[in-house]
Amino acid sequence: MPQLKHSEKITLSLEDLERGLQFAKNTLRLAGKEILPLFRSNLDSENKISEGYDPVTLADKKSEALIREEIGKYYPQHGVFGEEEGYTEGNGLTWVIDPIDGTRGFMAGMLHWGMLLALFDGEIPVLGVAYQPYSEELFYGVSNSSWLQRADEKEILLKTSSCVDLELAFLGSTDESLFDGALKEKFNKLRNTVRVCRLGGDCYSYCALAMGGLDVAIDPDLKPYDIQALIPIIKGAGGEITTFDGGNPSMGGNVIASANLTLHRQVLEVLNN
């Protein structure tokens, strides 16, 4: 199966970015209406892997199918890369979909899950949207700003925290069991340095970081669809996000996000020293 890769960057106009952002916001809202009746409905799931547990539900499949259908209507020339249906190449611009990030939380009836959609220009995601349809929270960002639109339609400019001391930081991660071997040692080292660690966040940890709640968010072995939509939201709010070695996180891998560059340098030093 073909995989998303870095390619020659395609530059978009401000008008194209704004149009794409509005499309992404509208599309996730539409998909959210489609799957919300399935939330807390005791959905059956399938395990996608032979070892371990990686669930997929009817809600995941319906969400991605609807998003792909909308992309086909409005951007038929673009590529699409989604968690459930893989990669379809296009003109170099690619919509990257996680139909439900946090499927385990969705299945458990908890609220730490969301729907993610990004537009990838070959080098980085240039816009990203994360939507939690139950709480009707819509997070969206481009490189220079990010916002939260609440259920009451009020829009709030997002700004990361001013924390610059790692020992005072609040850390979020999805599940400590995802860290193995040397990565486990790195995670424990960081966890033992910060003031507070909260687990179980999935994509919502990164949204909380953009809002100024969490100061650091970390997860290993991410795929592009797990993280691309969250990158513009974090960077637009003033945060930093890289791989553990300080590289471009657009293709996923071991990813760390921090509220600001000063804090991020401290985090990378702990992870790599």
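Biologist: Which elements each supply at least two residues of the lining of the largest cavity?
Modeller: This is a predicted model, in which local features need pLDDT of at least 70 and side-chain atom pairs 80 or more, while totals for chains, interfaces and linings use all residues. The lining consists of Trp113, Gly114, Ala130, Tyr131, Gln132, Phe139, Cys203, Tyr204 and Cys207 (residues with an atom within 4 Å of a point on a 1 Å grid where a 1.4 Å probe fits but cannot get out). Strand E7 spans 125-132 and helix H5 covers residues 203-211, as DSSP runs of at least two residues for strands and at least four for helices. The elements asked for are E7 and H5.

Biologist: What is the volume of the largest cavity?
Modeller: A search of the whole structure finds one cavity of 30 Å³ or more. The volume of the largest cavity is about 30 Å³.

Biologist: Good to know! Which strands stand at the edges of the eight-stranded open sheet?
Modeller: Its order is E4-E3-E5-E6-E7-E8-E9-E10, with mixed pairing (at least two DSSP bridges between two strands). Neighbouring strands here are turned against each other by 15 degrees on average, direction ignored. Pairing on one side only marks the edge strands, which are E4 (86-88) and E10 (155-157).

Biologist: Which residue in E6 does Ile97 stand opposite?
Modeller: Strand E5 holds residues 94-101 and E6 holds 114-120, and they pair in the antiparallel sense over six bridges. In E6, the residue opposite Ile97 is Leu117.

Biologist: At about what angle does H1 run to E7?
Modeller: Helix H1 (residues 14-35) lies across E5, E6, E7, E8, E9 and E10, in contact through heavy atoms within 4.5 Å. Helix H5 also packs on the sheet, touching E5, E6, E7, E8 and E9, and its direction makes about 70 degrees with that of E8 (angles run from 0 to 180 degrees between N-to-C directions). For H1 against E7, the angle is about 25 degrees.

Biologist: H5 meets another sheet as well, so to speak. At about what angle does H5 run to E13?
Modeller: H5 lies across E11 (170-173), E13 and E15. Those strands belong to an open sheet of five, ordered E12-E11-E13-E15-E14 with mixed pairing. The twist averages 20 degrees from one strand to the next in that sheet. H5 runs to E13 at about 150 degrees.

Biologist: Why is one side of E12 and of E14 left without a neighbour in the sheet?
Modeller: E12 covers 196-199, and both it and E14 stand at the edges. One side of each is left without a neighbour because each has a single partner strand.

Biologist: Which residue in E15 stands opposite Val216?
Modeller: E13 (residues 216-222) and E15 (residues 253-258) pair in the antiparallel sense over five bridges. Val216 stands opposite Ser258.

Biologist: Finally, which element gives the most to the lining of the second largest pocket?
Modeller: This pocket (an open set of points with protein on both sides within 12 Å along at least five of seven lines) holds about 410 Å³ of space. Of its 25 lining residues, Pro125, Val126, Val142, Ser143 and Pro232 are the closest to the centre. H1, E7, E8, E9, helix H7 (230-236) and strand E14 (240-243) give two or more residues to the lining. With four residues, the element that gives the most is H1.

Biologist: How are the residues numbered?
Modeller: Side-chain values use heavy atoms without hydrogens or water, and numbering runs along each chain, as its sequence is written, from 1.

Terms used. Points joined across faces, edges and corners; volume = space filled by probe spheres on them.
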